Amino acid sequence: MTRQFFHQDKASVGLLVGLGSMAITALLLTVGLLVAKEPINAHIRWYGAIFIPLILLIRYYVKQRLSVVTKTLFVVFFLFFIAFMILLFSTHQITLG
């Protein structure tokens, strides 16, 4: 049944898959940093890794030709990537010059 859910061409599937993959990756990274007793604020750039599974999922859904899910994943990627870049600039983790 879950296999059928993830093969539906709906925006809700794209939102669930996109946000879920980013949340799981961020949670694993946070747990790893806490176990290693590293400060999270010093490693904000590492959270860019949350986009790797999302890009792989976009590739998968493009190959499956599910256009609504693919478009939703692109929107999720774009919005969260812009928010992540704003976060990096506001915390001075990266600068322009």
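**Exercise 1. Find out whether Leu 66 is buried or exposed in this predicted model, and describe its surroundings.**

Step 1: Start with the accessibility. Leu 66 has a relative accessibility of 11%. The cut-off for a buried residue is under 20%, so Leu 66 counts as buried.

Step 2: Place the residue in the fold. Leu 66 sits in the loop between α3 and α4.

Step 3: List the contacts, leaving out neighbours within four places in sequence. Leu 66 then touches Phe 6, His 7, Gln 8, Asp 9 and Tyr 61.

Step 4: Try a distance with your viewer. Leu 29 is 37 residues away from Leu 66 along the chain, and their C-alpha atoms are separated by 30 Å.

**Exercise 2. Work out how helix α2 is oriented to helix α3, and which residues meet there.**

Step 1: Locate the helices. α2 covers residues 11-35, and α3 covers residues 51-63.

Step 2: Look at the geometry. The two helices pack at an angle of about 150 degrees, and their axes are 8 Å apart.

Step 3: Classify the angle. Angles over 145 degrees count as roughly antiparallel, so α2 is roughly antiparallel to α3. The crossing of α2 past α3 is right-handed.

Step 4: Collect the residues. From α2 come Val 13, Val 17, Gly 18, Ser 21, Met 22 and Thr 25, and they meet Phe 51, Pro 53, Leu 54, Leu 57 and Tyr 61 of α3. Sorted by type, the contact of α2 with α3 has 8 nonpolar residues, 3 polar ones and no charged ones.

**Exercise 3. Now do the same for α2 and helix α4: how are they oriented to each other?**

Step 1: Find α4 at residues 67-90. Its angle to α2 is about 40 degrees, with the axes 8 Å apart.

Step 2: Classify the angle. Roughly parallel would need an angle under 35 degrees, and roughly perpendicular would need 65 to 115. α2 and α4 are therefore oblique to each other. Here too you can note the handedness: α2 passes α4 in a right-handed crossing.

Step 3: Identify the partners. Ala 11, Val 13, Gly 14, Leu 15, Val 17, Gly 18, Leu 19 and Met 22 in α2 meet Val 68, Val 69, Thr 72, Leu 73, Val 76 and Phe 80 in α4. This contact of α2 with α4 divides into 11 nonpolar residues, 3 polar and no charged.

**Exercise 4. Which aromatic residues pair up, and how many aromatic pairs are there?**

Step 1: Count them. The total is 6 aromatic pairs.

Step 2: Take Phe 5 and Phe 6. Their ring centres are 5.2 Å apart, with 75 degrees between the planes, an edge-to-face pair. Phe 5 is partly exposed at 28% relative accessibility, and Phe 6 is partly exposed at 32%.

Step 3: Take Tyr 60 and Tyr 61. This pair is edge-to-face as well, with 5.2 Å centre to centre and 80 degrees between the planes. Tyr 60 is partly exposed, at 34% relative accessibility, whereas Tyr 61 is buried, at 3%.

Step 4: Look for a group. Phe 51, Phe 77, Phe 81 and Phe 84 form one aromatic cluster.

**Exercise 5. Step back: how many helices and strands does the chain have?**

Step 1: Count the elements. The chain has 4 helices and 0 strands, in the order α-α-α-α from the N terminus.

Step 2: Take in the whole chain. Its C-alpha trace spans about 40 × 35 × 20 Å along the principal axes, and 26% of the 97 residues are buried.

Step 3: Check the contacts between residues at least 6 apart in sequence. Of these, 65% join residues at least 24 apart.

Notes. Residues numbered from 1 in each chain as written. Predicted model: local features only at pLDDT ≥ 70, side-chain atom pairs only at ≥ 80, totals over all residues. Heavy atoms only, no water. Axes fitted to C-alpha atoms, helices over the stretch in contact; angles between N-to-C directions. Left-handed = near helix turned anticlockwise from the far one by under 90°. Contact = heavy atoms within 4.5 Å. Nonpolar A, V, L, I, M, F, W, Y, C, P; charged D, E, K, R; others polar. Phe/Tyr/Trp six-rings, centres within 6.5 Å; stacked < 30°, edge-to-face > 60°. Buried < 20%, exposed > 50% of the residue type's maximum accessible area, 1.4 Å probe, protein only.
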